[in-house]
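Here are some notes to read with the model open beside you. Take the points one at a time, and find each residue on screen before moving on.

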Amino acid sequence: MKYYLYNPLANNGIKPEVKENVELIDALGLDYPNFFAGLNGDDEVVLLGGDGTLNYFINAMNGYTINNNVYLLGSGTGNDFFTDIGHKAGEEVLVNKYLENLPTVKVNGLEKKFINNMGFGIDGYCCEVADQIKDTTPNEEINYTSIAIKGLLFHFKPCHADVTVDGKSYSFDHVWIAPTMKGRYYGGGMMMAPDQDRLSDVLTLVIYKSPSKLKALMQFPSIFKGTHVSNKDMVSIFTGKHMQVKFSRPCAAQIDGETVLNVTEYEAFL
């Protein structure tokens, strides 16, 4: 039997359409370990949503071993995970192998798993502004690219960053973005880490830096194609199992799109 778990917060609250005679189970607040413990061996579970739904699921499972097939039927507004594995929203994809060996992030007293990335810098700023728009005008369509451009030009100030990767330390000035990536994509289609393999045993830390906001803005569109990594003056890439990033002042951060405010440092590791 297939069980369809519906995230009412996904897809801007629009209830997904599924096959006839399929019962949707509200995924929020579900005791996942007990739910899976009550399944038969050949039962299957389908998650309806996108990146946020997957993030909620992997943290709600809290390390419980999954013995049943789990599928994702992409229906959320954020689908960087599907983009990374070569699928599109609307497809039903078996995801068990992608739910193993997931990284953990520690930030502001939180400890969570993430499926795509831990972002710090102007990406966190974009999520912060988007949350404010949702609170004040919930029906307004959010343009993250527009928010990022305005942030680069006017509102977000780059930081000094101290970085430690597997015990080796580095320092950078004028840092705009400093995400740790499990997959290649984030932010609705930006290929931040084009060489990252989500099935590998390493993470990728990307440092995007420039003292010139105009240069930072001009190079920003190249992130969508992943060609920004060829600009060695502006981009530094690190791979490893343990990343620590500390900014010179508090900034917003995001974990798979979920905003965390007033962050000065984070630690991500496999």
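1. **A helix and what follows it.** Just after helix 2 comes Asn62, with a positive phi near 55°. Please keep in mind that this is a predicted model. Helix 2 itself covers residues 51-61, and its buried residues are Asp51, Thr53, Leu54, Asn55, Phe57, Ile58 and Met61.

2. **The largest core.** Which residues touch the most other members of the largest nonpolar core? They are Ile177, Leu205, Tyr208, Phe247 and Tyr266, in a core of 52 residues. There is also a second, separate core of 23 residues, and Val45, Ile58, Ile85 and Ile115 are among its members. You have already met Ile58 as one of the buried residues of helix 2. As background, nonpolar side chains in soluble globular proteins tend to be buried together.

3. **A closer look at Leu205.** Try selecting Leu205 and its surroundings. Setting aside neighbours within four places in sequence, its contacts include Val163, Val165, Ala178 and Pro179. Ser236, Ile237, Phe238, Met243, Val245 and Tyr266 are also among the residues that Leu205 contacts.

4. **The hairpin of strands 9 and 10.** Strand 9 (residues 159-165) and strand 10 (residues 168-177) run antiparallel and are joined by six bridges. To see the pairing, find Asp162, which sits opposite Ser171 in strand 10. Two residues lie between the strands of this hairpin, and Asp166 has a positive phi near 50°. Strand 10 is also joined to strand 14 by two bridges, again with the strands running antiparallel. There, Val175 has Lys209 of strand 14 as its bridge partner.

5. **The hairpin of strands 16 and 17.** How many bridges pair strand 16 with strand 17? There are nine, and the pairing is antiparallel. Met243 makes a good landmark, since you can find it opposite Ala268 in strand 17. This hairpin has two residues between its strands, and Asp256 in the turn shows a positive phi of about 50°. Strand 17 (residues 258-269) is also joined to strand 6 (residues 104-107), through three bridges between antiparallel strands. In that pairing, Thr104 is partnered with Phe269 of strand 17.

6. **Lys2 and Glu92.** Searching the whole structure turns up five salt bridges. One of them joins Lys2 and Glu92, whose closest N and O atoms are 2.5 Å apart. Lys2 belongs to strand 1 (residues 2-6) and Glu92 to strand 5 (residues 92-94), so this pair links distant parts of the chain, 90 residues apart. Are these two buried or partly exposed? Lys2 counts as partly exposed, because its relative accessibility is 30% and the cut-off for buried is under 20%. Glu92 is partly exposed as well, with a relative accessible area of 30%.

7. **Asp84 and Arg198.** The side chains of Asp84 and Arg198 form a salt bridge at 2.6 Å, N to O. Asp84 is in helix 3 (residues 80-84) while Arg198 is in the loop between strand 13 and strand 14, so the pair ties together parts 114 residues apart in sequence. Both Asp84 and Arg198 are buried.

8. **Lys241 and Asp201.** Here the closest N and O atoms of the salt bridge are 3.5 Å apart. Lys241 lies in the loop between strand 15 (235-240) and strand 16 (242-255), and Asp201 in the loop between strand 13 and strand 14, so this pair ties together parts that are 40 residues apart in sequence. Lys241 is partly exposed, at 38% relative accessible area, and Asp201 is partly exposed at 45%. Salt bridges with shared partners also join Asp84, Arg184 and Arg198 into one network.

9. **Two loop residues.** Ser200 is in the loop between strand 13 (190-191) and strand 14 (203-209). Why does Ser200 count as buried? Its relative accessible area is 17%, and buried means under 20%. Leaving out residues up to four places away in sequence, Ser200 touches Asn101 and Lys182. Lys157 sits in the loop between helix 5 (144-155) and strand 9, and is partly exposed with a relative accessible area of 43%. With the same four-place exclusion, Lys157 touches Lys213 and Arg249. The C-alpha atoms of Lys157 and Gly189 are separated by 24 Å, and the two residues are 32 residues apart along the chain.

Technical notes. Residues numbered from 1 in each chain as written. Predicted model: local features only at pLDDT ≥ 70, side-chain atom pairs only at ≥ 80, totals over all residues. Heavy atoms only, no water. Core = buried A, V, L, I, M, F, W, Y, C linked by side-chain atoms within 4.5 Å. Buried < 20%, exposed > 50% of the residue type's maximum accessible area, 1.4 Å probe, protein only. Contact = heavy atoms within 4.5 Å. Helix = DSSP H or I, 4+ residues; strand = E, 2+ residues; numbered from the N terminus. Pairing = 2+ DSSP bridges. Salt bridge = Lys/Arg side-chain N within 4 Å of Asp/Glu carboxyl O.
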